[in-house]
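Welcome, and thanks for taking a look at this protein with me. The tour below goes through strand pairing, charged side chains and a stretch of surface.

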Amino acid sequence: MKRMGVLFIGVLIWLAVKAPAQELGIMGGILNKPDYARSYAWKINYYDVISDNYLWSFSWYNEGHITDNHRDGMLLQAWYRMPVAPDKFYIGLGAGPFYFFDTTGNDIAYKNIHGFALALGLDLWYYLSPRWALKGNITYIVADNANTNTQSALAGISYKFKDLNDSRGPYINYADSNEVNLFLGKTILNSFHTHTNYAAMAEYRRNVGKYMDLSAALLYEGDTSVLRRNGVIIQAWPTKRFDGGRFSLGVGLGAYVTINRRELDVDDISPSSDIAGIVTMTGAYRFSGTPLTLRASWNRIVTTYDKDTDVIMAGLGVYF
C-alpha cells in the first residue's frame, strides 16, 4: 500500500510538469451501490491536456452518505477524448486509481479505512464558448472485498484557464519567491457524529521550481469535544499557475507531526506525539501591484488511529 501511495504521488508530480493546458470543473449527481442503496455524489475535476486526444485528470470524489459508508478520495485518471463535433462536443473514456478515505460503522463505533480501488469513467464535454463547457460523467468504482463497488451519474460545468503566459496583464515572477499565510477555518472529525470546532494555521511556503512549492506550517485543530490536536506540517506541492501567474492551483502531500494530541473518547487521554499523513487541495490569487495573496485550502489529515479530520481554511498572506 505504501509503495502504491508513493507511485501515486510521483505520477502526479510528473504530470504536473508535462501538461500544457488546464481545465477545472465541478459536478454533482446521484450514486448507487449494488444493494440499491442511493446517495448524492459530487466531484471537483482538474484536467490537463497531454496531446490532441489524451488528457489526465486529478479529482476529489465524494460519494455522499450511504448508511454504513462515508467514502471520498483522490482520483488520478488517464483519458482518451474523441471529438464528435470539433471544438464543440467531445466524449472521453478514462481509467485510473482511486485512493479513498472511508468512514465505516455506525453511531456507536466507526473506523477510518484507507485504500486503493479502480475508477472507470465516461465523460462528455459540450463547449458553450472557448473556455466554458457543460459536463456529464459516469463513474464506476471497482473495489476489493473490504470495501464496496459504486456507480454515479454526474453533471456540471468546467472552465478552461489561460496559460501562465497567456495574459495581457503584468506577469508575476514566482522564481525563488516566499509566501507567509495566516488561516482561520473549521475542523471536522470524520465520524458518524458532527464533531467540529474552529482551527487556525500559520504557513511558510517557498517556490523551488516552475511546478513545485514546499511548505512548513503550524496547525491548531481546536477541540472537537472528541479530539484536541495540533502540530507541524511539512508538504511538497505540485502546482500549476495561470493568467500571468496571478492564479494558482496545487495539491499538497506530506506529513503532519503531532506535538500534542488528546483523545477524549478513550481511556488514555494523556498528551502524545504521532505522525499522520496529510493531503491538501489549495487555490490562491495574487493581487497585482501588492504583495498580498488570498488563499483557500482543504486539508485531509490521514491517521492510523481512526481520527481522520477535514480542516477547511481560508486566509490572507504576503509574498516576497
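## Burial and the model

A residue is called buried when its relative accessible area is under 20%, exposed when that area is over 50%, and partly exposed in between. Arg-205 has a relative accessible area of 3%, so this arginine is buried. Asp-213 also comes out as buried, because its relative accessibility is 3%. Please keep in mind that this is a predicted model.

## Two hairpins in a row

Let us begin with the strands around these two residues. Strand 10 covers residues 196-209 and strand 11 covers residues 212-223; the two run antiparallel and are joined by 9 bridges. They make a hairpin with 2 residues between them. One bridge to look for pairs Asn-207 with Asp-213 of strand 11.

Strand 11 also pairs with strand 12, residues 227-242, again in the antiparallel sense, this time over 10 bridges. Here Ala-216 stands opposite Ile-234 of strand 12. The hairpin of strand 11 and strand 12 has 3 residues between the strands, and Ser-225 takes a positive phi near 80 degrees in it.

## Charged side chains

How many salt bridges does the model hold? The count comes to 15. As a reminder, side chains of opposite charge can pair when their charged atoms come close.

Asp-213 is a good place to start. Its side chain meets that of Arg-205 in a salt bridge, at 3.7 Å from N to O. Asp-213 forms a salt bridge with Arg-241 as well, with an N to O distance of 2.9 Å. This second pair links distant parts of the chain, since Asp-213 sits in strand 11 and Arg-241 in strand 12, 28 residues apart. Asp-213 and Arg-241 are both buried.

Another salt bridge joins Arg-300 and Asp-310, at 2.5 Å from N to O. This pair, too, links distant parts of the chain: Arg-300 belongs to strand 15 (residues 292-302) and Asp-310 to strand 16 (residues 309-319), with 10 residues separating them in sequence. Both Arg-300 and Asp-310 are buried. Which residues are joined into one network by salt bridges that share partners? They are Glu-203, Arg-205, Asp-213 and Arg-241.

## A buried asparagine

Now for a polar residue in another strand. Asn-62 is part of strand 3, which spans residues 54-62. With a relative accessible area of 13%, Asn-62 falls under the 20% limit and therefore counts as buried.

A polar atom of the Asn-62 side chain lies 2.8 Å from the backbone nitrogen of Gly-64. Setting aside neighbours within four places in sequence, Asn-62 is in contact with Tyr-40, Ala-41, Trp-42, Arg-71 and Asp-72.

## A nonpolar patch on the surface

The last stop is on the outside. A nonpolar surface patch of about 770 Å² is made by Val-180, Tyr-204, Tyr-285, Phe-287, Leu-292, Leu-294, Leu-316, Val-318 and Phe-320. Strand 15 and strand 16 are the elements that give two or more residues to this patch.

Tyr-204, one of the patch members, has its place in strand 10. Is Tyr-204 buried, exposed or partly exposed? Its relative accessibility is 36%, which means that Tyr-204 is partly exposed.

Definitions and conventions
Residues are numbered from 1 along each chain as its sequence is written. This is a predicted model: local features need pLDDT of at least 70, side-chain atom pairs count only at pLDDT 80 or more; totals for chains, interfaces and linings use all residues. Side-chain values use heavy atoms; hydrogens and water are left out. Two strands pair if DSSP finds at least two bridges between them. Helices (H or I, at least four residues) and strands (E, at least two) are DSSP runs, numbered from the N terminus. A salt bridge is a side-chain nitrogen of Lys or Arg within 4 Å of a carboxyl oxygen of Asp or Glu. Buried means under 20% relative accessible area, exposed over 50%, partly exposed in between (1.4 Å probe, protein chains only). A polar contact is a pair of N or O atoms within 3.5 Å; within protein, one must be able to donate a hydrogen and the other to accept it, and residues adjacent in sequence count only if both atoms are side-chain atoms. Contact means heavy atoms within 4.5 Å. Patches are made of residues with over 30% relative accessible area and no salt bridge: like charges are joined within 9 Å, nonpolar side chains (Val, Leu, Ile, Met, Phe, Trp, Tyr) within 5 Å. Accessible areas come from the Shrake-Rupley method with a 1.4 Å probe; for residues, only the protein chains shown count as cover.
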